[in-house]
Amino acid sequence: MTKKKLAMIVESGTLDRLYCAFILASTAVAMDMEAHLYFTFFGLNMLRKGAMEKAGLPATYKNLEEDLKKKLMAMKYPTPYEMLKRLKASGLMKIYACSPTMEMFGIKKEDLIPEVSEIAGAATFLEVASKADITLFI
């Protein structure tokens, strides 16, 4: 029997959206589903080495950022990058880096974290998404 699949486009690089994407992906993996995450535009910037650790809240909620980070630490909640590494280690998550966005922002393959599974354009990811049971945009 084939596993159910979640396909998600991650276009934002803010802390709240990263947590949202990784919590949903973690839940899918816990349910024995495959999770396919396509990082594009400002989400793609989070796949640069060291970038995810610097993610913050958007300007509208910037005043809440320090409190949020303190509460997450007190809860011993993993950082987004720790979540990504755990998800990748599960063998059920695949991370795609958008090739046109890489070109647009001057990002090279060697700039990316090692957990990136594939560099792909929209057509490649849409093929994956067309076979998914759930598709989301974050």
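## Briefing: sheet, pocket and ring pairs

Strand 1 (residues 5-10) runs parallel to strand 2 (residues 34-39), and 6 bridges join the two. Keep in mind that this is a predicted model. Those two strands belong to an open sheet of 5 strands, paired in parallel and ordered 4-3-2-1-5. Besides the sheet, there's a pocket of about 220 Å³, the largest one, and a set of 5 aromatic pairs.

**The sheet**

- Read across the sheet, the strand order is 4-3-2-1-5.
- Strand 4 (118-120) and strand 5 (134-137) sit at the edges with a single partner strand each, so each has one side with no neighbour in the sheet.
- Going from one strand to the next, the twist averages 20°.
- Where strands 1 and 2 pair up, you'll find Val10 opposite Phe39 of strand 2.
- Helix 6 (residues 122-130) packs on this sheet and touches strand 1, strand 2, strand 3 (93-98), strand 4 and strand 5.
- The direction of helix 6 makes about 155° with that of strand 2.

**The largest pocket**

- The largest pocket holds about 220 Å³ of space, and 13 residues line it.
- Leu15, Tyr19, Lys69, Thr79 and Pro80 are the lining residues that lie nearest its centre.
- Helix 1 (15-30), helix 3 (65-74) and helix 4 (80-89) each chip in at least two lining residues.
- Helix 3 gives the largest share of that lining, with 3 residues.
- By type, the lining comes out as 10 nonpolar, 1 polar and 2 charged residues.

**Aromatic pairs**

- Of the 5 aromatic pairs in the structure, one is Tyr38 with Phe125, which is stacked at 4.8 Å centre to centre with 15° between the planes.
- Tyr38 belongs to strand 2 and Phe125 to helix 6, so this pair links parts that are 87 residues apart in sequence.

Definitions and conventions. Residues numbered from 1 in each chain as written. Predicted model: local features only at pLDDT ≥ 70, side-chain atom pairs only at ≥ 80, totals over all residues. Heavy atoms only, no water. Pairing = 2+ DSSP bridges. Helix = DSSP H or I, 4+ residues; strand = E, 2+ residues; numbered from the N terminus. Axes fitted to C-alpha atoms, helices over the stretch in contact; angles between N-to-C directions. Contact = heavy atoms within 4.5 Å. 1 Å grid on protein atoms, 1.4 Å probe; cavity = no way out; pocket = protein on both sides within 12 Å on 5 of 7 lines; lining within 4 Å. Points joined across faces, edges and corners; volume = space filled by probe spheres on them. Nonpolar A, V, L, I, M, F, W, Y, C, P; charged D, E, K, R; others polar. Phe/Tyr/Trp six-rings, centres within 6.5 Å; stacked < 30°, edge-to-face > 60°.
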